[in-house]
Amino acid sequence: MFKTLRINTETGETRIETSEATEYLLGGRTLSSRMVSREVNAACEPLGKNNKLFFCTGAMSGTTVSSSDRLSIGGKSPLTGGIKESNAGGIVGTRMAQQDFRCIVLEGAPSAHSDWKIVVVGKDRKELIDGEFLAGKGVYEKSDLLSEKFGADAGCITIGPAAEHLLPTAGIACSDPHGVCSRYAGRGGLGSVMASKRIIAIVILNDGEVKTEFADKQAFQEGAKKIVKLLRENPVSSKFTKYGTAAMVDICQSLKVLPTRNFTRGTMEDAEKINALTMYDTIQERGGEGKTQHACMKPCAIQCSNVYPNEDGSILCSPVEYETMALMGSNLCLKNLDTIAKMNRIANDAGVDTLDCGAAIGVAMEAGLAEFGDGDAAIRLMEEIRNVTPLGRILGSGCKIAARVLGVRHAPHVLGQAIPAYEPRGSKGMAMTYLSNPMGADHTFGFTLRDEEVPTSKEGKVELSKKFQVIGSRMDAMGMCNFVRYSVRDDMTPLLDLIKARYDVDISETEFDDYVKETLRIEHQFNTDAGITALDYRFSESFYEEVQPDTGEIMDITDEESARARQW
Amino acid sequence: MVTLRFKLSDIGTIRLDIEGPESFAAILQRCAAETAAEIGDVIATRDGKVLAPESPVQDNDLIDVFPAIAGG
């Protein structure tokens, strides 16, 4: 029996429901997208009282299975106007499992000027308490105050000043294993949805006493060990352990898809100054609190995350990931990892998505507000966002709105969400994925790049993108880390065996994939009902008109082709 | 002489003599025979273009070989 805690943010009333349905068993995006689809009027205003926010754990949450504790957050996005699922690592899923909740729902909304509240969930309390003392503070300070009040081992969810001002790129920060709210469900502006309900934090206390039950404990333990073995032996996931996602800088530079100069180029001179080896060596040389390996959740056999230190060894930012290194680095022609890490830290403190803000600053640089390559100016623009100045509000609204306001045509987005760190004219597979995602441009949705023999050709890319849309969405579907997919992409049996051992429920690979595909159909239908049409699944026209000089390519994917890639 | 630079890897650079065009897959097999390290899945590029397994490799080619990972 899976429990859902519903919280009416207008009245403070709480209610617990139970269900045995398979969508609750799987949890993750399977559950969050179905709940959004069923309970949220697709035509509603994302920041109005008719939107809801769903926090869902996954099928293996609270167990010893490696990399299985992603928290899936769903709602209608103020950035894209469509359905949104954004997920994060950290310890919140574990704490929810210990309190026996598969899902927490924020419903309704008080008046826009009501006092801020904190939702506190413990074994003897489910209540809203005063949260005014957190208002206006950065996420790092909020995180410290929450740890002080509720203990560093509590699972905390909070938002930054950008969300408090309802900016569409505001994310939701979740506690990492050290009690710092640094693990972001960053995309789609769900932080602003939380703020629209005047909830400034959710705290899951570490007093839960629910013990995980297993249908077959021995089989489960053996299955959990098998996952660790698969992850350690897999040459792809094991490579993440040393270099993390930063390894992509060299690969994308070589393939000429490294976003550079507001996505007008695919290579950057001196890209090695911000690559994985430079990052690895910098962290090693500085020592102190720096770490080249770090787990965003426990347990995790991959540990792809990192802690990037200042020159004196103190923590500057954790984590610094490839997508940020590209959008806040090469995309702005910045060649200094310290600058990128400082921008990343400001973004984390403001509570905004690094990709959307990096892309917006690229647009601002193209508009002449600063020179490409000017790190001090880039940091100043990030400060504008953190301080929620008029310019900061424009940039914090994402690159689509920033481009309109600043008079720039080349806005790198789909559905208003910034394109991730693979220049789409150089990888038609990734481009097809960007154009197919009901959440807007995103890379984890269907990562084709490593399997494209001719990245610049669109031939076969509808089928390739659809293949990887399923492979990528399988992990979201049950709350697993996306990087587990390499170990199970050809055989999901190890994960399905764990479901059997935990719940005594048989799900075949075909049945599981049917759930994944049904989720995609539900999400696309929500977007249709929200008024999103095929014409919205396009890049800015400049991508179709202007050759990317490093590859000699333009965007040539047609509406018909991208529509086929969205057909399930 | 073909030069393969294995990036983000302990393998380093391997140079192989070839008498005529060979497929990249065959070249990679010869590399595997020369090194104790596991090569695994790779993305390879030559002059900025992806090299497929069946692509012919010529004398004097310079090939960059990366572990086939993904972003996050």
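Begin by selecting strands β7 and β8 of chain A in this predicted model, where β7(A) and β8(A) pair in the antiparallel sense over 5 bridges. The connection between β7(A) and β8(A) is a hairpin that passes through 4 residues, and if you pick I118(A), you will find that its bridge partner in β8(A) is I129(A).

Next, keep β7 (residues 117-121) of chain A selected and add β12 (residues 199-204) of chain A, which runs parallel to β7 and is joined to it by 5 bridges. Within this pairing, V120(A) has V203(A) in β12(A) as its bridge partner.

Now widen the selection to the whole sheet, an open one in which 6 strands of chain A follow the order β8-β7-β12-β9-β10-β11, with mixed pairing. At its edges are β8 (126-130) and β11 (181-185) of chain A, each of which pairs on one side only. From one strand to the next, the twist averages 25°.

With the sheet still displayed, add helix α4 (residues 139-150) of chain A, which lies across β9 (155-158), β10 (172-175), β11 and β12 of chain A and runs at about 145° to β9(A).

Return to V203(A) and display its surroundings. Apart from neighbours within four places in sequence, V203(A) is in contact with I118(A), V119(A), V120(A), V121(A), L146(A), F150(A), A154(A) and C156(A). Where does V203(A) stand in the largest nonpolar core? This core has 196 residues, and V203(A) is listed among those with the most contacts inside it, together with I172(A), M194(A), V249(A), V363(A) and A402(A). To see the helix that gives the most to this core, select α13 (residues 354-366) of chain A, which supplies 8 residues. The core also draws at least three residues from each of domain 1 (2-204) and domain 2 (234-489 + 533-565) of chain A. As a general background to such a grouping, nonpolar side chains in soluble globular proteins tend to be buried together.

Colour the two domains separately for the next stop: chain A is divided into domain 1 (2-204) and domain 2 (234-489 + 533-565), and their C-alpha centres lie 25 Å apart. The contact between them takes 51 residues from domain 1 of chain A and 40 residues from domain 2 of chain A. On the domain 1 side, α2 (28-39), β5 (83-88), α4, α5 (161-164) and β11 of chain A each supply at least two residues, and β5(A) gives the most, with 4 residues. By class, that side of domain 1 has 17 nonpolar, 26 polar and 8 charged residues.

From there, move to R38(A), whose place is in helix α2 of chain A. Is R38(A) buried or exposed? R38(A) counts as exposed, because it has 9 C-beta neighbours inside 10 Å. If you then select E269(A) as well, the C-alpha to C-alpha distance from R38(A) is 49 Å, for a separation of 231 residues in sequence.

Finish by showing chain B alongside chain A, where 30 residues of chain A are in contact with 18 residues of chain B. To find the chain A side of this contact, select α8 (235-243), α9 (248-255) and α11 (322-327) of chain A, each of which supplies at least two residues to it. Coloured by class, the residues of chain A that touch chain B divide into 17 nonpolar, 5 polar and 8 charged.

Methods: Residues numbered from 1 in each chain as written. Chains lettered and ligands numbered in written order. Predicted model: local features only at pLDDT ≥ 70, side-chain atom pairs only at ≥ 80, totals over all residues. Pairing = 2+ DSSP bridges. Axes fitted to C-alpha atoms, helices over the stretch in contact; angles between N-to-C directions. Contact = placed C-beta atoms within 7 Å. Nonpolar A, V, L, I, M, F, W, Y, C, P; charged D, E, K, R; others polar. Domains from an automatic or database assignment. Buried ≥ 20, exposed ≤ 12 C-beta atoms within 10 Å, placed from the backbone. Core = buried A, V, L, I, M, F, W, Y, C linked by C-beta atoms within 7 Å.
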